[in-house]
Amino acid sequence: MAAVDSFQLLYRQISRSCGFYFEPLALVGALYAAGKAVILLRDCSTLVRVHFLARIIPIKRLTQRFGDWAVINGASEPVAKAYAEELARHGVSIIFVTQDQSSVRDTAASLCLSYGIETVVILADLSLGYAASKPVKEAIRGKDIGFLVNCVESPTSPQSLIEMHEQGLFDLVNKNVAVATLMTRLVLPGMVQRGRGAVVNISSGACCRPFPRRVALTASTGYLDHFSRALHLEYSGRGIFVQSLTPFQIAVNRPQSSSSSSSSGEGLFSPKPEVYARHAISTLGVSNRTTGYWPHTLQCGLMRCIPEWIWVLGSHMLIGSS
């Protein structure tokens, strides 16, 4: 009983000496909670404005707002094809820039028949250098280019850096960094001259956090995301809208890679390219940096709530168990 009485006495003494600080500490706690509530309310309102209101409220036609033609770089990617089809649905004519003409020939013909727009397929490998850009410059000359879509190229399966072939690694970084930057440099002067246009860089949510066995993809998409933000800061005042799209998993069938078959399942958090493109294009002109798809925005928000040291620790545990 003496020990209990002594503890209670000590607690009362401490309470008296610290009583002066209780109210300031309570005020600090209330301010902290209010700040978190304001941030949560802001994020919820942004989610509704970007992903829901933008699809409900009618906007000006894309051709009137930005231009009549779109240049699609990385056209062999399923997401790029789906985005091109969504633009064609809005009456935008398409210029496909690709290294493999057969991969987009059928898509170009289908868009012409379905939507009555013009399509041009340009065979060019800009990773070879500036000299290879001549066909692109000839194709865009005299056209009202209102859109440039740069789509990142993703590896067919996760690989560590030393597992990647040297040439494959060089091509991946070169296409996702140098080619996207050069394409923007080719198209941007005409947009600035006309005082309107949109540059859409489709990268990946891998830029948000380091991912194991995705080193090159994480780094190159991080570049494209920062490039978009800097470009928007520099040219938004001249009528150019630059958007960074950072989607997470998209259900893409890649028959050439058996290891990626598990990632091709469709679901709420893994939409088909057509579904993703339909959502993403509704955010054009609304948000300059977004995932483009509201479930992915929820994923991104949850991911950012996790401290990076916990994320890294979890990644190490995942690698160790695999």
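**Entry 1: Ala34**

I looked up Ala34 first and found a relative accessibility of 39%, so this residue counts as partly exposed. The model I am reading is a predicted one. Ala34 belongs to helix 1. I then took the separation from Tyr276, which lies 242 residues away along the chain: the two C-alpha atoms are 35 Å apart.

**Entry 2: the second largest pocket**

Helix 1 led me to the second largest pocket, since I wished to know which element gives the most to its lining. That element is helix 1, with 11 residues. The lining comprises 25 residues, and Asp43, Thr297, Cys300, Gly301 and Arg304 are the ones nearest the centre of the pocket. I noted that helix 1 (2-56), strand 7 (289-290) and helix 9 (294-305) each contribute at least two lining residues. For the volume of this pocket I recorded about 890 Å³.

**Entry 3: cavities**

I next asked how many cavities of 30 Å³ or more a search of the whole structure finds. The search returns one. The volume of the largest cavity is about 50 Å³. I listed its lining as Pro155, Ser157, Pro158, Gln159 and Met164, together with Arg213, Arg214, Val215, Ala216 and Leu217.

**Entry 4: helix 4**

I checked the length of helix 4 (residues 102-115) against expectation. At 1.5 Å a residue, its 14 residues should span 20 Å, and the end C-alpha atoms lie 21 Å apart, which agrees.

Which residues of helix 4 are buried? I found Val104, Thr107, Ala108 and Leu111. They lie on the same side of helix 4, because the arc they cover around the axis is only 105°. I noted that helix 3 (78-89), strand 2 (93-98) and strand 3 (119-123) are among what covers these buried residues. On the face turned away from the buried side, I recorded Asp106 and Leu113 as exposed. Just after helix 4, Gly116 has a positive phi of about 65°.

**Entry 5: nonpolar cores**

I turned to the largest nonpolar core, which holds 33 residues; those touching the most other members are Ile72, Tyr83, Leu87, Ile94, Phe96, Phe147 and Leu284. The elements that each supply at least two of its residues are strand 1 (69-73), helix 3, strand 2, helix 4, strand 4 (145-151), strand 5 (197-202), strand 6 (240-245) and helix 8 (273-282). Helix 3 provides the largest share of this core, six residues. As a general background to this entry, I kept in mind that nonpolar side chains in soluble globular proteins tend to be buried together.

I followed the contacts of Ile72, leaving aside residues up to four places away in sequence: Ile72 touches Ala80, Ala84, Leu87, Ile94, Ile95, Phe96, Val97 and Val149. Another core, of 27 residues, lies apart from the largest one, and its members include Ile140, Leu148, Met183 and Phe227.

**Entry 6: Met183**

From that other core I chose Met183, which sits in helix 6 (residues 166-194). Is Met183 buried or exposed? I found 0% relative accessibility, and therefore Met183 counts as buried. With residues up to four places away in sequence left out, Met183 touches Val71, Asn73, Val97, Leu126, Val136, Leu148 and Asn150. For one of these, Val97, I also recorded the C-alpha separation from Met183: 9.8 Å, with their positions 86 residues apart along the chain.

Terms used:
Residues are numbered from 1 along each chain as its sequence is written. This is a predicted model: local features need pLDDT of at least 70, side-chain atom pairs count only at pLDDT 80 or more; totals for chains, interfaces and linings use all residues. Side-chain values use heavy atoms; hydrogens and water are left out. Helices (H or I, at least four residues) and strands (E, at least two) are DSSP runs, numbered from the N terminus. The expected span of a helix is 1.5 Å times one less than its number of residues. Buried means under 20% relative accessible area, exposed over 50%, partly exposed in between (1.4 Å probe, protein chains only). The arc is that of the directions from the helix axis to the C-beta atoms. Contact means heavy atoms within 4.5 Å. A nonpolar core is a set of buried Ala, Val, Leu, Ile, Met, Phe, Trp, Tyr and Cys residues joined through side-chain atoms within 4.5 Å. On a 1 Å grid over the protein atoms alone, a cavity is a set of points where a 1.4 Å probe fits but cannot get out, and a pocket is an open set with protein on both sides within 12 Å along at least five of seven lines; lining residues have an atom within 4 Å of a point. Grid points are joined across faces, edges and corners, and a volume is the space filled by probe spheres set on the points.
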